[in-house]
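Today I am opening my notebook on a new structure. I will look things up one at a time and jot down what I find.

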Amino acid sequence: MANVIFYILAVIALTSALMVVTRKNAVTSAVYLIVTMCAIAGLFVQLGAVFIAALQIIIYAGAIMVLFLFVIMLLNLRKDEFGFDTRVFQRLFAGLLGIVLLVQLIMVVSRLPVVAGQPVDTEMGRVAPLATKFFTQYLYPFEIISVLLLAAIIGAVVIAKKKMGK
Amino acid sequence: MAPLSYYLILSAMLFTIGVWGVLRNRNALIIFMSIELMLNAVNITLMAFSSFLKDFSGQVFVFLVMAIAAAEVAVGLAIIVSIFRVKESINVDDVNLMKW
Amino acid sequence: MEMIVKLIPVFPLFGFLIIGLTNKKMPKQVVNIIACGSVFLSFVAGTIAFFSLLGMPSNSRFITGFWFDWIIAGSFSSSVSFMFDPLAAVMVLVVSGVSFIIHVYSIGYMAHDGGYWRYFSFLNLFVFSMLLLVLADNVLLLFVGWEGVGLCSYLLIGFWFHKKSASDAGKKAFIVNRIGDFGFLLGIMLLFWTLGSTNIKEISHLAPEMLVAGGGLVTAITLLFLVGAVGKSAQIPLYVWLPDAMEGPTPVSALIHAATMVTAGVYMIARLSALYVLAPTSMAIVAIVGGFTALYAATIGLAQNDIKRVLAYSTISQIGYMFLACGVGAFSAGIFHLTTHAFFKALLFMGAGSVIHALSGEQDMRYMGGLKNRLPFTYKAFLIATLSISGIPLLAGFFSKDEILWKAYSSGHGHPLLWILGLITAILTAFYMFRLLYLTFHGKSNVTAEAEKHLHESPPVMLIPLYILAFLSIFGGYIGLPHALGGGAWFENFLMPVIAESAHVIETGSHHAPSLEYILMLASVVAVLLGIVVAYNFYIKNPEKPKQLAQRFAGCYRLIFNKYYIDEVYDYLIVKPLYILSLIFWKIFDVRVIDGFVNRLAKFFGSMSERFRILQTGFVRNYALVFFIGVIILVGYLCYIFR
Amino acid sequence: MMPPINWPVIYPELAICITAFIVLIVDLFLPGRHKWVLSLISIFGVLVALQIVFMNFGLKGDTKAFFGMVVSDATGLYFKTIFCIGTLLAIFVSITYQRREFPEVGEFYTLMLLSTFGMMIMASALDLITIFLGLEMMSIPLYVLAGIYRGRYRSREAALKYFLLGAFASGFLLYGIALIYGAFGTTNITRIVELIADGKPYSPFFVGVGSVLVLIGLAFKAGVVPFHMWIPDVYEGAPAPVTAFMSAGPKAAAIVAILRIFVITTPVIDLTWVFWVLAVVTMTWGNILAINQNNIKRMLAYSSIAHVGYLLVAITVGGEEGVSSAAFYLLVYTIMNIGAFAIVVLFAEREEFYENISDYAGFGSRFPFAAITMTIFMASLGGIPGTAGFVGKFMIFSGAINHGFYWLAVIGVLNSLVSIYYYLRVVVAMYMRQPQTRLVDIAISPSLMIAIIITLLLVIQIGIFPDNWLSLAKQAASLAF
């Protein structure tokens with residue numbers, strides 16, 4: 001049963017991911033990306049990580065993708081802006097090498113001893129152990145990420161703000 | 001529950017789609033979304049390992065990756081907008097003044 | 001005494017800094033005093049150190065001048081410190097002495113040049129680097145000097161940079177010397193790795209103990225060093241830069257491209273003789289390279305019309321002699337010839353410079369002639385140098401050249417064939433040098449009317465240096481008067497302690513009958529006279545001869561009645577083939593093959609650069625694709641390993 | 001039960017980070033014409049950090065902090081010294097330029113300091129995820145800095161290219177970390193080494209691909225061929241002081257991370273041949289493409305790729321000798337490269353008008369001091385004996401010969417000889433080309449002069465008396481093993 005849900009979510013994720021990269025319109029892509037992310041959140045639930053699944057929806061779908069859509073609206077992009085792509089080699093190589101990479105990666109992950117399916121561990125959904133991890137072992141990265149976000153905000157402001165003075 | 005390798009293979013596929021998207025698209029925003037897709041794919045791998053190893057570190061990583069993605073989006077979108085202001089286009093193939 | 005040794009190279013360094021930094025703010029007279037004075041001080045310091053060296057017992061003649069430790073990293077150490085032993089003493093005296101003379105000469109020669117300051121600062125920097133090279137007590141410091149002289153040479157060849165040929169020549173010298181440096185640097189590293197030291201004295205002690213004589217390792221090291229020497233000393237196949245280097249001012253050609261820098265390769269081989277004697281294969285290669293270069297360059301010299309190019313090929317040929325000497329184990333003979341060559345070749349160049357100066361820059365010998373009476377002082381000095389280089393008995397060149405020829409025959413590493421190579425070269429040398437002399441100073445004048453107007457003898461500041469060198473070209477050889485002529489071979493004995501360890505390995509030609517030395521000596525004298533006579537026949541007695549050669553197909557009978565019948569046969573059998581050979585060597589090997597290779601190498605890198613840069617398309621997606629290909633290859637490599 | 005956090009270990013990072021915040025806050029209250037105060041604060045902050053770094057060399061007791069997340073060892077401290085020096089010099093190079101070209105952007109210094117903060121994290125991190133965070137902390141301000149000169153379109157283009165490719169590379173790096181996490185259940189380097197020592201079974205293929213992907217992510221930042229494509233465009237487009245900053249610290253940070261993961265800790269799989277090939281390709285490619293460049297920043301960009309190739313030679317050699325020669329070379333490279341860029345900034349003038357090598361014609365006589373300084377930097381970059389660059393190259397290549405990598409040494413020496421050609425092109429242009437008409441005189445700014453003189457003295461000093469510096473690098477390496 002659980003496997004069926006996995007398959008459904010996987011198919012949704014893959015299809016919408018393919019749609020993301022093949023659409024010409026950025027809005028369509030963004031919407032499909034939101035679908036992918038929701039599917040991935042569903043997979044996280046399958047893995048028992050309810051809290052992270054919630055975060056996935058809130059941060060990715062809720063914040064990041066909204067920002068994307070906002071920018072798309074701001075730039076007011078039209079659909080077929082670019083016309084036909086003439087760089088045949090680029091597309092050919094991108095496709096061929098993509099397949100090669102997929103084969104390679106599958107070779108890699110298949111080397112791991114296959115772990116049989118196991119019941120969903122509700123323990124993994126708890127927030128307290130995660131918080132403990134964060135504030136002990138991963139305290140330093142946690143602090144760094146706060147500075148990183150601040151740096152990103154400063155950077156975005158610097159890049160985007162209009163020239164003053166002159 | 002599906003075995004670990006299912007998740008890993010799904011992740012690899014999504015990652016590859018992301019890479020492909022970066023290589024084949026000319027719209028800077030879609031390229032950027034493809035990069036987000038790659039990061040999400042990695043998140044699946046991390047989360048799968050985390051659950052199967054019963055180790056919360058993986059979840060911490062996923063959380064950190066989300067934060068980094070947010071930071072990158074903030075800066076990246078600002079840069080794309082600043083290019084658009086000059087070029088009136090976000091086609092990355094138009095952005096090739098510097099070469100050779 | 002240590003202080004004096006330490007100071008020898010410092011004077012020119014200060015000269016360089018002062019002139020270089022004050023630039024045009026300084027009056028010319030002050031520049032003259034600083035430039036010449038600093039080199040003169042080095043010469044004085046060298047002389048003082050030399051005499052104190054003489055005061056020491058003959059096998060412990062050694063003064064160290066330690067400045068500071070340079071690089072110390074674990075087992076690796078290298079210091080800035082000097083060793084003043086007989087070999088270094090000879091080199092210091094030659095370098096600083098000849099440099100001083102040429103500095104003085106340059107005052108006159110460069111008087112009207114706009115880059116006066118630049119010229120003297122570079123020249124002082126050169127002297128500093130050269131002194132560093134000869135005084136260095138470890139190979140790494142020697143390499144510093146080596147690169148320094150190369151840099152100065154490059155800057156001075158391109159001194160008149162507004163001439164395209166000059167900057168091209170600079171470029172060529174630069175590229176060719178890179179190849180040499182490449183070998184040198186690898187040689188140093190390999191040497192350090194095998195012996196754990198870069199100190200020359202330690203190397204000489206350690207090498208026989210730690211290296212297998214004739215082994216692959218020592219052969220590899222010595223061959224790598226040989227690559228360096230071949231590049232710097234312009235031997236086959238890396239000689240191409242030297243003829244072009246004549247684009248620089250003539251005093252520079254005299255100093256750098258004749259007397260001092262180009263002999264650095266010979267010096268280096270003599271310095272590391274302890275290594276070379278352990279590698280008979282390398283020795284043989286040195287000798288063969290030297291012998292063939294000597295002959296090859298001499299043949300090309302036959303057909304040149306530019307006065308400086310003849311001298312350039314002659315330099316290559318003479319350095320070939322020095323290599324030949326080193327290759328047969330006669331290192332002291334090589335250094336001896338280096339010394340005398342410095343005198344007469346510098347004199348030849350400066351004489352040529354005086355002629356060029358007098359003719360307002362004309363370098364083509366076909367537009368000279370009959371200058372004997374117009375430039376009498378220059379002519380006399382030039383004549384002495386010509387006699388000396390040709391090897392007329394009792395002049396400096398005779399003794400050193402004869403020493404080499406004798407050693408080429410008699411040494412344990414020698415071979416009669418090498419002797420024959422040397423002998424033929426001697427004939428050719430005499431021939432082309434006298435051709436040069438006759439075309440320039442004798443016969444009827446071909447000077448253009450334009451140049452005729454300004455024709456004048458050079459000022460004393462240029463002539464006095466000529467006469468000092470002329471004196472040395474006559475008497476400089478007596479320091480090495482061989483036993484066979486009643487001398488004490490003082491020069492050889494003086495250098496013996498430095499290369500004694502090398503020399504005792506070599507089986508000297510003691511088993512040869514003493515009379516043989518006289519016979520060979522006589523043979524070489526005869527050979528020289530032959531060359532002179534032929535040249536006389538061609539360019540004085542019958543100046544039309546060379547032109548007739550080209551158009552003499554009118555029938556056999558005219559030949560029979562021709563009063564120069566013998567000459568004609570001689571022409572046909574010897575001179576003309578030689579002349580053609582010369583043209584072939586020059587036009588095909590020199591210009592096409594080797595020169596072409598170097599040019600093509602430079603072009604190759606340039607075009608590679610041009611061709612590959614289009615891969616940097618400027619499209620960000622292409623960049624990502626290249627990145628991705630890299631990923632695929634690396635991951636694929638792992639897939640392959642763990643398949 | 002909880003181990004102490006051990007704050008002193010991260011004091012240098014804290015100093016830099018706090019300075020960044022102070023600059024940010026002070027910026028708000030300063031009117032446009034007084035922004036130069038910010039640079040003074042930044043310089044002061046970096047000097048304090050440098051002082052703390054020196055003090056930390058003598059740190060007693062436990063050198064690990066934050067539950068084994070960071071360490072304050074000789075290697076890390078040595079590299080932090082390099083970052084501080086690099087940032088300090090880059091600030092000196094920037095002051096006049098920033099005031100002239102984008103006076104309103106006071107955040108410039110904040111971003112520079114935050115980027116330095118990221119480099120420091122990379123140098124002392126013991127956990128892959130922290131290294132990754134440090135890398136992002138370093139890169140995100142750099143993306144912005146590359147595009148900070150909004151008056152110049154090239155600057156924006158550089159920012160876009162750098163950002164897109166940087167984010168792309170981060171994806172691969174992260175995937176590698178994920179794979180390693182899966183194999184060992186941890187990303188802590190010391191822990192992984194312990195686990196292997198305890199005989200934990202693992203799939204070498206899995207771990208190998210993981211570490212190769214991590215290597216690729218770091219190699220991208222360092223500019224290893226074929227992950228180098230962004231470098232020429234970004235170096236050309238970014239404002240010259242930013243390029244100076246970018247070419248020194250971030251490269252060193254990427255290299256120190258590579259050293260820590262692949263050389264200092266016993267590597268899980270043997271990547272010697274991978275490094276061998278990367279070294280050869282990188283130095284050859286960089287040098288060949290540098291030959292025909294006319295834009296000096298682009299030429300220096302390709303040359304920086306070649307220099308990474310030499311560093312890869314040291315990494316291939318590995319062991320104590322490899323690490324020490326790489327450490328020494330990075331110090332030398334930082335100094336001489338920033339020095340060269342300082343001269344480029346000096347000559348560039350308003351809006352970087354003079355940025356082609358051919359524009360430098362006749363500078364030898366017009367600006368004698370600057371020209372001779374540039375000559376010395378070029379000689380040092382080319383590795384001419386007597387300069388710092390030669391000592392660095394010599395140590396690397398003799399290390400290669402000592403460990404039997406003959407061909408690598410041969411190719412390396414050949415490459416460095418080829419490189420002299422294009423470095424001397426600059427010298428030739430300055431001294432041996434007819435000057436073109438050029439009416440304006442360069443304005444000598446004191447801060448730029450300070451940077452030039454410091455770098456000049458250091459290049460000469462290291463070239464002639466490299467002892468102390470070498471033993472410092474030696475110590476940084478020896479304590480790591």
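**Entry 1: chain D, the fold as a whole**

I began with the contacts inside chain D: of those between residues at least 6 apart in sequence, 81% join residues at least 24 apart. I should say right away that this is a predicted model. I then counted elements and found 19 helices and 2 strands in chain D. The radius of gyration of chain D is 21 Å, close to the 23 Å that the globule rule gives for 481 residues, so chain D is as compact as a globular protein of that length. Along the principal axes, its C-alpha atoms fill a box of roughly 70 × 55 × 40 Å. I also looked up burial, and 71% of the 481 residues in chain D are buried.

**Entry 2: how confident is the prediction?**

I looked up the scores for the model and noted ipTM 0.94 and pTM 0.86. For chain D, the average pLDDT is 89, and 97% of the residues score at least 70. Where in chain D is confidence lowest, and where is it highest? The lowest mean, 76, belongs to helix H14 (residues 363–366) of chain D, and the highest, 95, to helix H5 (residues 128–146) of chain D.

**Entry 3: one helix and one unusual bond in chain D**

I picked helix H13 (residues 319–348) of chain D and checked its span. Its 30 residues reach 42 Å from the first C-alpha to the last, close to the 44 Å expected at 1.5 Å a residue. H13(D) is mostly covered, with 28 of its 30 residues buried. Just after H13(D) comes Glu349(D), with a positive phi of about 65°.

Next I looked at a peptide bond. I reminded myself that most residues other than glycine have a negative phi, and most peptide bonds are trans. The bond that joins Val225(D) and Pro226(D) is cis, with omega about 10°. I found Pro226(D) in the loop between helix H8 (204–222) and helix H9 (230–237) of chain D.

**Entry 4: chain B**

Chain B has 3 helices and 0 strands, so to speak an α-α-α run from the N terminus on. I then asked what radius of gyration chain B has. The value is 17 Å, whereas a compact globule of 100 residues would have one near 13 Å. The C-alpha atoms of chain B fill a box of roughly 50 × 25 × 25 Å along the principal axes. Of the 100 residues in chain B, 77% are buried. Among contacts in chain B with a separation of 6 or more, 45% are between residues 24 or more positions apart.

One residue here caught my eye. Lys54(B) is not a glycine, and its phi is positive, near 55°. Lys54(B) sits in the loop between helix H2 (28–53) and helix H3 (57–87) of chain B. Is Lys54(B) buried or partly exposed? Lys54(B) counts as partly exposed, because it has 13 C-beta neighbours inside 10 Å.

**Entry 5: chain A and its contact with chain B**

Chain A is divided into domain 1 (1–79) and domain 2 (126–166). The centres of these two domains of chain A, taken over C-alpha atoms, are 23 Å apart.

I then turned to the contact with chain B, where 75 residues of chain A meet 62 residues of chain B. Several helices of chain A give two or more residues to this side, among them helix H1 (2–22), helix H2 (26–46) and helix H3 (50–75). H3(A) gives the most, with 12 residues. By class, the side of chain A that touches chain B has 58 nonpolar, 12 polar and 5 charged residues.

I gave H2(A) a closer look. The 21 residues of H2(A) should span 30 Å at 1.5 Å a residue, and its end C-alpha atoms are 30 Å apart, which agrees. H2(A) is largely enclosed by the rest of the structure, because 15 of its 21 residues are buried. Just after H2(A), Gly48(A) takes a positive phi of about 95°.

**Entry 6: chain C**

Chain C also touches chain B, and this contact takes 11 residues from each of the two chains. On the side of chain C, they divide into 6 nonpolar, 3 polar and 2 charged residues.

Inside chain C, I followed Leu151(C), which is found in helix H6 (residues 139–157) of chain C. Why does Leu151(C) count as buried? Leu151(C) has 23 C-beta neighbours inside 10 Å, and 20 or more are needed for a residue to be buried. I also noted that Leu151(C) and Phe174(C) are 23 residues apart in sequence and 8.1 Å apart in space, C-alpha to C-alpha.

My last stop was Leu394(C), which has a positive phi of about 80° although it is not a glycine. Leu394(C) lies in the loop between helix H17 (376–390) and helix H18 (396–410) of chain C. With 14 C-beta neighbours inside 10 Å, Leu394(C) counts as partly exposed.

Note on methods: Residues numbered from 1 in each chain as written. Chains lettered and ligands numbered in written order. Predicted model: local features only at pLDDT ≥ 70, side-chain atom pairs only at ≥ 80, totals over all residues. Domains from an automatic or database assignment. Helix = DSSP H or I, 4+ residues; strand = E, 2+ residues; numbered from the N terminus. Buried ≥ 20, exposed ≤ 12 C-beta atoms within 10 Å, placed from the backbone. Contact = placed C-beta atoms within 7 Å. Nonpolar A, V, L, I, M, F, W, Y, C, P; charged D, E, K, R; others polar. pLDDT = per-residue confidence, 0-100. Rg over C-alpha atoms; globule rule 2.2 N^0.38 Å. Expected span 1.5 Å × (residues − 1).
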